[in-house]
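Work through the exercises below with the structure in view. Each task is followed by a solution in steps.

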Amino acid sequence: MTDLLHVILLGIIEGITEFLPISSTGHLLIAEKFGLGERSDLFNVGIQAGAILAITLIYWGRIWQLFTQWRVPANRDYLLKLAVAFLITCVLGLIVTHYGFKLPETVTPIAWALVIGGFWMLGAEALAAKQADRTQVTWRVAILVGIAQMVAGIFPGTSRSGATIFTAMLAGTSNRAAATEFAFLVGIPTMYAATGYEVLKVMKEGGAAHEDWTALIIGFVVSLIVGFIAVKWLLGYIRTHRFTWFAVYRIVLGVALLALVPAGG
């Protein structure tokens, strides 16, 4: 029963944090370090897949519109920009993976990423507020969002959604809702590709044979349900609110971790 509760809690944490700009990787690692137990790579990939499916369902109408009405110039242009952002992330991600460049997933670098990311969000919000309200996604936005996704993958605790949303806002799509939609839509194929890569790697290494599939399925379902609710809430929240409280939360959490965890821990 205790392990089942831990699985449910990890699914809840993944569902809440995957698309909120507060870093799911950071929160899962912190949760595992502070009592919920370390899980397999396949388990972490599995519960992430639940959150990805949740946002796919939420944006299914928009995705269907883009692909079935691709002859409409605006839709075709948007699809091309999504494709370019995705390909940039893939190419840079393969280069980074080949050279093995990634920070260790320990608490200290994640804490610093939370703090720095929080101040980055506050600054980005302030700068974006001074711009005219622009919903258009430019090619500059698409290219920089693709780069931002890769950077978030290198630095655990950065938050992929936070990095891409605020990059889009600073690069020209100052409207929060429009920046969030593009960031989330380009994140869908990116995260499916990353999840598929991790699953194939685990299967090749024989990790699936020792996996607790019941725990993985429960975590997946919990993450799917909670992720759906969390993203629905976020999309309503950002219509009338800034991301300020998310930034403050990141800073407070990061500082608390730096105070509690020994250097390098």
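**Exercise 1. Find the residues with the most contacts inside the largest nonpolar core, and the helix that gives the largest share of this core.**

Step 1. A nonpolar core is a set of buried Ala, Val, Leu, Ile, Met, Phe, Trp, Tyr and Cys residues joined through side-chain atoms within 4.5 Å. Buried means under 20% relative accessible area, exposed over 50%, and partly exposed in between, with a 1.4 Å probe and protein chains only.

Step 2. The largest such core holds 43 residues, and Tyr59, Phe182, Phe184, Leu185, Phe243 and Phe246 have the most contacts inside it. Its largest share, 8 residues, comes from helix α9 (residues 176-204). Helices here are DSSP runs (H or I, at least four residues), numbered from the N terminus.

Step 3. A second, separate core has 11 residues, among them Val7, Leu36, Ala215 and Leu216.

Before going on, note the basis: this is a predicted model, in which local features need pLDDT of at least 70 and side-chain atom pairs count only at pLDDT 80 or more, while totals for chains, interfaces and linings use all residues. Residues are numbered from 1 along each chain as its sequence is written, and side-chain values use heavy atoms, with hydrogens and water left out.

**Exercise 2. List what Phe246 and Thr167 touch, leaving out residues up to four places away in sequence.**

Step 1. Contact means heavy atoms within 4.5 Å. Phe246 touches Leu20, Pro21, Ile22, Met121, Trp233, Leu234 and Tyr237.

Step 2. Thr167 lies in helix α8 (residues 160-171) and touches Trp120, Leu144, Val145 and Ala148. Thr167 counts as buried because its relative accessibility is 15%.

**Exercise 3. Describe the nonpolar patch on the surface.**

Step 1. Patch residues have over 30% relative accessible area and no salt bridge (a side-chain nitrogen of Lys or Arg within 4 Å of a carboxyl oxygen of Asp or Glu). Nonpolar side chains (Val, Leu, Ile, Met, Phe, Trp, Tyr) are joined within 5 Å.

Step 2. The members are Leu80, Phe101, Trp139, Ile143, Leu144, Ile147, Val151 and Phe155, with about 670 Å² of accessible area together, by the Shrake-Rupley method. Helix α7 (residues 139-154) gives the largest share, 5 residues.

Step 3. Phe155 sits in the loop between α7 and α8; at 33% relative accessibility, Phe155 is partly exposed.

**Exercise 4. Are Ser23 and Ser159 buried or exposed?**

Step 1. Ser23, in the loop between α1 (2-17) and α2 (24-36), is buried at 2% relative accessibility. Its phi is positive, about 80 degrees, although Ser23 is not a glycine.

Step 2. Ser159, in the loop between α7 and α8, is buried at 6%. Ser159 has a positive phi of about 85 degrees and is not a glycine.

Conventions: Helices (H or I, at least four residues) and strands (E, at least two) are DSSP runs, numbered from the N terminus. Patches are made of residues with over 30% relative accessible area and no salt bridge: like charges are joined within 9 Å, nonpolar side chains (Val, Leu, Ile, Met, Phe, Trp, Tyr) within 5 Å. Accessible areas come from the Shrake-Rupley method with a 1.4 Å probe; for residues, only the protein chains shown count as cover.
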